[in-house]
Amino acid sequence: MEGLTITEAAATTGWSARMLRYIESLDLVAPTRSRGGYRIYGPESLQRLRTLRALLAEHELGLGDVGLALRLRRDPELCRAVDEWLDSRAQRPAEVDSVDWLCWEQDKHQALLARTAAGRS
């Protein structure tokens with residue numbers, strides 16, 4: 001037997017076909033493809049799905065958590081940026097009085113949200 005279709009793999013693993021596609025989009029599992037382009041889940045893919053489920057349960061993780069861990073491993077620049085952010089501490093800008101800092105931060109957030117909303121339009 002070459003492997004299982006996505007429907008068969010979903011029934012075997014307990015993941016839905018939609019979740020299997022999502023897991024693939026995160027590059028956590030890479031089923032092979034048939035000549036017609038259909039996903040084929042071989043024993044390697046099934047093992048990865050089984051051990052992924054165990055990892056998630058054992059460490060109370062979501063799929064996105066593991067996807068981010070993979071991105072951090074593959075993208076040194078992203079890893080450095082996250083490390084820098086985690087190590088950083090909030091500091092009041094020198095030009096902002098301590099009594100005005102809260103309003104200053106709120107204004108910065110509102111401006112960021114407005115730019116984000118304008119970019120979606």
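**Notebook: helix H2, its partners and its salt bridges**

I started with Glu-24, which counts as buried at 17% relative accessibility, because the cut-off for buried is under 20%. The model is a predicted one, and I read every entry below with that in mind.

**Entry 1. Faces of H2**

I looked up which residues of helix H2 (residues 17-25) are buried, and found Leu-20, Ile-23 and Glu-24. They lie on the same side of H2, because the arc they cover around the axis is only 100°. I then checked the face turned away from that buried side and noted the exposed residues Arg-18 and Ser-25 there.

Next I asked what the buried residues of H2 pack against. I listed two strands, E1 (32-33) and E2 (39-40), and three helices, H1 (6-13), H3 (43-59) and H4 (63-74).

**Entry 2. H1 against H2**

I took the helix pair H1 and H2 and asked at what angle they pack. I noted about 100°, with 9 Å between the axes. H1 is therefore roughly perpendicular to H2, since angles of 65 to 115 degrees fall in that class. From H1, the contact is made by Ile-6, Ala-9, Ala-10 and Thr-13; from H2, by Ala-17, Leu-20 and Arg-21. Sorted by class, I have 5 nonpolar, 1 polar and 1 charged residues in the contact of H1 with H2. Leu-20 thus turns up in my notes twice, as a buried residue of H2 and as part of the contact with H1.

**Entry 3. Salt bridges at Glu-24**

I asked how many salt bridges the structure holds, and the count is 3. Side chains of opposite charge can pair when their charged atoms come close.

I went to Glu-24 again and found its side chain in a salt bridge with that of Arg-39, at 2.4 Å from N to O. This pair links distant parts of the chain, with Arg-39 in strand E2 and Glu-24 in helix H2, 15 residues apart. The side chain of Glu-24 also meets that of Arg-33 in a salt bridge, at 3.1 Å from N to O. I recorded Glu-24, Arg-33 and Arg-39 as linked in a network of salt bridges.

Is Arg-33 buried, partly exposed or exposed? I read 43% relative accessibility, so Arg-33 counts as partly exposed. Its partner Glu-24 counts as buried.

**Entry 4. After H2: Asp-27 and Arg-74**

I followed the chain past H2 and came to Asp-27, where phi is positive, near 65°. The side chain of Asp-27 meets that of Arg-74 in a salt bridge, at 3.3 Å from N to O. Here too the pair links distant parts of the chain: Arg-74 is in helix H4, Asp-27 is in the loop between H2 and E1, and they are 47 residues apart. I checked accessibility at both ends. Arg-74 has 53% and so counts as exposed, while Asp-27 has 47% and so counts as partly exposed.

**Entry 5. Ala-90**

Last, I asked where Ala-90 is found, and placed it in the loop between helix H5 (76-87) and helix H6 (101-120). Ala-90 counts as exposed because its relative accessibility is 71%. I also took its C-alpha to C-alpha distance to Leu-113, which is 20 Å, for a sequence separation of 23 residues.

Notes. Residues numbered from 1 in each chain as written. Predicted model: local features only at pLDDT ≥ 70, side-chain atom pairs only at ≥ 80, totals over all residues. Heavy atoms only, no water. Helix = DSSP H or I, 4+ residues; strand = E, 2+ residues; numbered from the N terminus. Buried < 20%, exposed > 50% of the residue type's maximum accessible area, 1.4 Å probe, protein only. Arc of directions from axis to C-beta. Contact = heavy atoms within 4.5 Å. Axes fitted to C-alpha atoms, helices over the stretch in contact; angles between N-to-C directions. Parallel < 35°, antiparallel > 145°, perpendicular 65-115°, else oblique. Nonpolar A, V, L, I, M, F, W, Y, C, P; charged D, E, K, R; others polar. Salt bridge = Lys/Arg side-chain N within 4 Å of Asp/Glu carboxyl O.
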